[in-house]
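Trainee: I would like to understand how the descriptive terms for this model are justified. May we go through them one by one?

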Amino acid sequence: MAERYYIRTWGCQMNERDSEVLAGQLEAMGYEPAERPEEADVVLLNTCTIRDNADQKQLGELGRLKPLKTANPRMLLGVAGCMAQVPEAVERIRRQAPFVDLVFGTHNLHKLPELIEKARRSDEMVVDVWQYAQGVQEHLPSRRSGGVRAWVNIIYGCDKYCTYCIVPYTRGRERSRRPEEILAEIRALVAQGYREITLLGQNVNSYGHDLPERYDFADLLRDVDRLPGIGWVRYMTSHPRDFTPRLIETLAETEHVCEHVHLPVQSGSDAVLKRMNRKYTVAQYLETVDRIRERIPGATLTTDIIVGFPGESEEDFEATLELVRRVRYDNAFTFVYSPRAGTVATRWLADDPTTEEEKHRRLERLNEVVYAIAREKNEALVGREFEVLVEGPSRKDPSVFTARTRGNKLVLVPGERVRAGEWARVRITRAHTWTLEAEPTGAPLAQPALAAGEAR
Ligand code: SAH
Ligand code: SF4
Ligand code: F3S
């Protein structure tokens, strides 16, 4: 019987994508997927370390896996991903979870087969974390997990050094993939029947600045948009500073690129933005938002916001509320600032007069505003028709299928009248804060060419 593996993933889509590459390598080695860690010979945790609560959850999970490891000493337990890139976190793993067999980071996941061999032979914890990436690894096997939606990396790493953020330290400097590699990968995915491609990067719009030729994110979008048979195209994440008028024109002109912009603002106060090292002002951000709305009618807009950044005053916070009311986001991911070891902002914590309790109250006040607007925006869609890409049965009720609009709105539809992995035309019947309910208005749409560009 073949040996089996189990991977649990935390964090962003880049980490999800990495897990697909980990899974692909394990399958190339002859492993088969297991449903649960109890049934697996290799268990990998692909970790995130963006906020402290991620570390806590992952260490908790290691604690829960300990009995499995005791019961089955042959089981190989590995920790991968961003948390492994942080030396303090590795020390914590050594102390709190000495039964872990293998720790490796984001820069050497392509070495998984060797690492497993090494850990199998060693009686001690094998820790192999590279501080720097060795270029870009192409042609690694991967096992995709997103149904008909596929993620494609276009740029790795981040050079922005926002003062709160650990990512530049866990993912290294920006490295763009060669355009021909990206396009070849997408062509193959389209041929395999994938309906939606999401271009991934911590900053997709800085794509290409490190290539020898002049070729940027707008060029790439145009080339992807022209691929024969391409379905829907999304991209994650965009930095407001690089969201140029030329990019907005490209988004307006491309047919297959969806009308959803995730544009993390982080704060509505210029003083805070400056200390965050975001390199834009509120006025510049609003100008970009207005241009997007003018050139891409119906575009949905989502964001990320941090409250309680060191030194954020009540007035700074109110400026964030003001900005949210002005932009009226379709939705927002909101966080309380979490100090990350080694980042600049932690130095300002000692002088921060705001208590944790007050920061959490700010988060609640912000969420009230964000959610009320999200709901109003969704309610305004009732009665309207949209084209959606159907994902499949929902977790709560398998007779109800989940689907998404081009604007990335999550829509629930009765399962019997739609097909998983196909486009459908639906009419919105009810609105909630996070989801919409809808009824199909006709037969499933099968042709990507038919589907794209309609019902915007
Ligand atoms: N590259 C993306 C963000 C990746 S992290 C971008 O720049 O848009 C996702 C979000 O986590 C960030 O947008 C930010 O809102 C939040 N975040 C990052 N570091 C954080 C920290 N130390 N504390 C709280 N939230 C943080
Ligand atoms: Fe972190 Fe800023 Fe880079 Fe985003 S742009 S990953 S928030 S440093
Ligand atoms: Fe987390 Fe690393 Fe992504 S820290 S958010 S998994 S880049």
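Trainee: How far apart are the centres of domain 1 and domain 2?

Mentor: In this predicted model, the centres of domain 1 and domain 2, taken over C-alpha atoms, are separated by 29 Å. Domain 1 covers 4-128 and domain 2 covers 149-379, with domain 3 at 385-440.

Trainee: What makes residues of domain 1 and domain 2 count as being in contact?

Mentor: Contact requires heavy atoms within 4.5 Å. On that criterion, 19 residues of domain 1 are in contact with 21 residues of domain 2.

Trainee: Why are helices α8 and α10 called roughly parallel?

Mentor: Helix α8 (residues 245-253) packs against helix α10 (residues 282-295) at an angle of about 25°, and their axes lie 10 Å apart. Angles under 35 degrees count as roughly parallel, so α8 is roughly parallel to α10. The crossing of these two helices is right-handed.

Trainee: Which residues make that contact, and how do they divide by class?

Mentor: From α8 come P245, I248, E249 and A252, and from α10 come T288, R291, I292 and R295. The residues of the contact of α8 with α10 comprise 4 nonpolar, 1 polar and 3 charged.

Trainee: How do you know which term describes α7 and α8?

Mentor: The axes of helix α7 (residues 217-225) and α8 cross at roughly 10° and come within 9 Å. Set against the limit of 35 degrees, this angle is in the parallel class, and α7 and α8 are therefore roughly parallel to each other. On the α7 side the contact is made by F217, A218, D219, L221 and R222, and on the α8 side by R246, L247, T250, L251 and E253. By class, the residues of the contact of α7 with α8 are 5 nonpolar, 1 polar and 4 charged.

Trainee: What makes a residue part of the shell around ligand 2?

Mentor: One of its heavy atoms must lie within 4 Å of the ligand. The residues surrounding ligand 2 are C158, K160, Y161, C162, Y164, C165, V167, P168, Q202, N203, H239 and R278. This shell has 7 nonpolar, 3 polar and 2 charged residues. Cys and Tyr count as nonpolar, so C158 and Y161, for example, belong to the nonpolar class.

Trainee: Which residues are around ligand 3, and how do they divide by class?

Mentor: Around ligand 3 are G11, C12, N15, C48, T49, I50, C82, R171 and Q202. They divide into 4 nonpolar, 4 polar and 1 charged. Gly counts as polar, so G11 is placed in the polar class. Q202 is listed around ligand 2 and also around ligand 3.

Conventions:
Residues are numbered from 1 along each chain as its sequence is written. Chains are lettered from A and ligands numbered from 1 in the order in which they are written. This is a predicted model: local features need pLDDT of at least 70, side-chain atom pairs count only at pLDDT 80 or more; totals for chains, interfaces and linings use all residues. Side-chain values use heavy atoms; hydrogens and water are left out. Axes are lines fitted to C-alpha atoms, for helices over the stretch in contact, and angles run from 0 to 180 degrees between N-to-C directions. Helices (H or I, at least four residues) and strands (E, at least two) are DSSP runs, numbered from the N terminus. Angles under 35 degrees count as roughly parallel, over 145 as roughly antiparallel, 65 to 115 as roughly perpendicular and the rest as oblique. A crossing is left-handed if the near helix is turned anticlockwise from the far one by less than a right angle, and right-handed if clockwise. Domain bounds come from an automatic or database domain assignment.
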